[in-house]
Amino acid sequence: MPGEAEILGESLPFEERIELPNWAYRRVDIEDYRASHASSVRDAAGQWERLAKELFWQRPWDKVVSEGDHPHVSKWFEGGALNLSQLALDRHVDGDRRNKLALIWEGEAIGKDGAPSEVRKFTYYDLWREVNRFAFLLKNNFGMKKGDKMAVYLPMVPEAFVVLLAAARLGVTFTVVFSGFSAEALSSRINDLGAKLLVTADGLNRRGKQVSLKDIADKALEQTRTVSQVIVVRRIDSKDTSMKAGRDYWFDDLMRGVPASARVEPEPIESEHPLYVLYTSGTTGKPKGMIHDSGGYAVLLHATMKWVFDIKDSDVYWCPADIGWVTGHSYVVFGPLIEGATAVIYEGTLDFPQPDRWWQVIERYGVSVFYTTPTATRMQMRFGEDFVRKHDRSSLRIIHSVGEPINPSAWRWLFEVVGEKRCPVGSTWWMTETGGIMVSHLPGLMLLPMKPGTNGLPIPGIDADVVDDKGEPVKHGEKGLLVIKNKWPGMPGAPTGMWGDPERYAKQYFERFASRGYFYCGDYAVKDNDGYIWVAGRADEVLKVAGHRIGTFELESSIVSHKAASEAAVVAIPDPIKGEVPIAFVVLRQGFAPSEELRKEIRLWVRSNFSPIAEPSQVYFVNKLPKTRSGKIMRRLVKAVAEGKPLGDIATLEDEASVDEVKQAYESLTVS
Ligand code: WTA
């Protein structure tokens, strides 16, 4: 397998062991944890059942895990019924957390006095009441009921929480589409799910500017037939927002008509009922709608919130992820609220108006548990330590990162500068498909020695490993593929794992190690002698740009929808801040000549027609793309050319092409 055991050019410090001087966390020997982990895997069902009993069920389950109708999709806690909105709200409102702060929301704007212009705080009681009122509306005015589908295209506003929790209360399966995605991405997801209703906003604030969202939603709605009703949250209060009579309704106007006393009892939701479908980029054009069920998902979130984040009633928890990504679902909305935490939500960007905005937020609310990303960390490293040091971070006690590999120097910066060597710092590995964290340090359970850049060991009950092509575990320091060998609650759920596409689900995740039944994650990883796993990056054609998952094919499709482009190949090259960035090789249509303007135009085209996060950092024009006989683009070759690597290193890399073919393609690939 190609590549060195490194992350962003930094070698992996297998032998380094960093231990904390304080005794706030239980310490365990690595060997002891490995032994207890092995027994947790042997009795995984027993473990998950014990955890499930800590949640509230409206009806108990008959069986912890049973076979579903699809060979790779299990049913978790079949026969049981629960409601995630009840877990996240009613349980606390009926208990001691009724008047505890659930959410502290801060808008992006800063006033003349230097304080945020908008801060909204919700106790569990406040949030419960809003969710009841909105659920009441959905049910009575919009006729939404269990089994219906809705789409959500919202920025980070408190209403987003209200909307998702109200959907969960009724058993309406939702899909959230990232507010930075285009009309095309929105309409394709609406159509695939068959959503009846869309909740969106008039716009959003970004770096002091207002961006309209409703225009994009309107464009998407032109290409959809299923949505007949749209609810619009007023965020920028633009006079230009067009509202279609009989279809579009303002959220605040509607809510004014619902009394504070409106209640909707939480529906009993079967454990295997889909809570949501979240679309994620794969290696073909069509995004994959990953299904997450209700019961298994709730159990996994409960376990990981406890073990990974060690959530206590005294904590203030902050994960700045957007609700458009899986981290937003699991560890911004549902996980923290199920645990009764106080969560901070910040609307804007990390460097607005100054690069110390995040540290301000941490100081202002006394954030104690902080879940960040490698890209954000590398950006902040570039701004410099002073922005961090001038703010009080003494409240911080646990730091984790997610979304992409963290290079050892970024880990050290989080540990030394941000956490002042007091806080455990981890890199939690998981993906949209897994629903929750799978490989991580577990300060809530015990603390093992830390190593800069590692993900650590698999969590209890999860049999994750790094294996070679044949499925055999790799030796110390060798690169292999990350797999999960057993089943877990929260894995893609019934009925089909992937919405409407059971075959693709089986092919994508189970074909590679079919005889062993392993779940293939699509990541390269290294394992060291202590059993620590170090995920190094994607092994397939999925890009990770600033931690965001983008499919090469989707990006290429966006490029070729430009009038000048006939073919495109996109590959990722390493980037010191964003981890990796896309670059594009484009074959022009007849009548178009390469020019600087055209390069710019294509980049802008991707920004506005796909997403700003996917903009290629460079566009190269080529006469022809190198392809195998079967028509597959030789991406590694393209990448090697872009990186100026000699042919010797790459000739054997294309599985389907002969060395000669690769050589010819290499020589003919003249880039302008
Ligand atoms: C990558 C994000 C290294 C990995 C939760 C995975 C990571 C993909 C880490 C999933 C980490 C996520 N260290 N790599 N701590 N966390 N990844 O679906 O390549 O947006 O397959 O889920 O992110 O991305 P997704």
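Biologist: Where does P353 sit?
Modeller: In this predicted model, P353 lies in the loop between strand 19 (342-346) and helix 11 (357-365).

Biologist: What makes the peptide bond from F352 to P353 stand out?
Modeller: That bond is cis. Its omega is near -10 degrees.

Biologist: Which residues does the other cis peptide bond here join, with omega about 0 degrees?
Modeller: A494 and P495. P495 is placed in the loop between strand 24 (479-484) and helix 15 (502-510).

Biologist: What makes R207 worth a look?
Modeller: R207 is not a glycine, yet it has a positive phi of about 50 degrees. R207 belongs to the loop between strand 11 (203-206) and strand 12 (209-212).

Biologist: Now the ligand. Which residues are the closest to it?
Modeller: T432, D523, R538, K544 and R549. In total, 18 residues surround the ligand. A residue counts as near if one of its heavy atoms lies within 4 Å.

Biologist: How do you know that T432 makes a polar contact with the ligand?
Modeller: A polar side-chain atom of T432 is 2.5 Å from a ligand oxygen atom. The cut-off for N or O pairs is 3.5 Å, so the pair qualifies.

Biologist: What distance separates D523 from the ligand?
Modeller: An N or O atom in the D523 side chain lies 2.6 Å from an oxygen atom of the ligand. That is within 3.5 Å, so this pair is a polar contact too.

Biologist: And what puts R549 in that group?
Modeller: One of its polar side-chain atoms is 2.7 Å from a ligand oxygen atom. Against the limit of 3.5 Å, this pair therefore counts as well.

Biologist: How much of the ligand does the protein bury?
Modeller: The ligand taken alone exposes 520 Å², and the protein buries 97% of that.

Biologist: Which elements give two or more residues to the shell around the ligand?
Modeller: Helix 10 (326-338) and strand 26 (533-538).

Biologist: How does that shell split by class?
Modeller: Seven residues are nonpolar, six are polar and five are charged. Gly counts as polar in this scheme.

Biologist: How do helix 16 and helix 17 meet?
Modeller: Helix 16 spans residues 552-560 and helix 17 spans residues 596-609. Their axes come within 9 Å and cross at roughly 120 degrees.

Biologist: Why is helix 16 called oblique to helix 17?
Modeller: Roughly perpendicular covers 65 to 115 degrees, and roughly antiparallel needs over 145. An angle of roughly 120 degrees fits neither, so helix 16 is oblique to helix 17.

Biologist: Is the crossing of helix 16 and helix 17 left-handed or right-handed?
Modeller: Right-handed.

How values were computed: Residues are numbered from 1 along each chain as its sequence is written. This is a predicted model: local features need pLDDT of at least 70, side-chain atom pairs count only at pLDDT 80 or more; totals for chains, interfaces and linings use all residues. Side-chain values use heavy atoms; hydrogens and water are left out. A polar contact is a pair of N or O atoms within 3.5 Å; within protein, one must be able to donate a hydrogen and the other to accept it, and residues adjacent in sequence count only if both atoms are side-chain atoms. Accessible areas come from the Shrake-Rupley method with a 1.4 Å probe; for residues, only the protein chains shown count as cover. Helices (H or I, at least four residues) and strands (E, at least two) are DSSP runs, numbered from the N terminus. Axes are lines fitted to C-alpha atoms, for helices over the stretch in contact, and angles run from 0 to 180 degrees between N-to-C directions. Angles under 35 degrees count as roughly parallel, over 145 as roughly antiparallel, 65 to 115 as roughly perpendicular and the rest as oblique. A crossing is left-handed if the near helix is turned anticlockwise from the far one by less than a right angle, and right-handed if clockwise.
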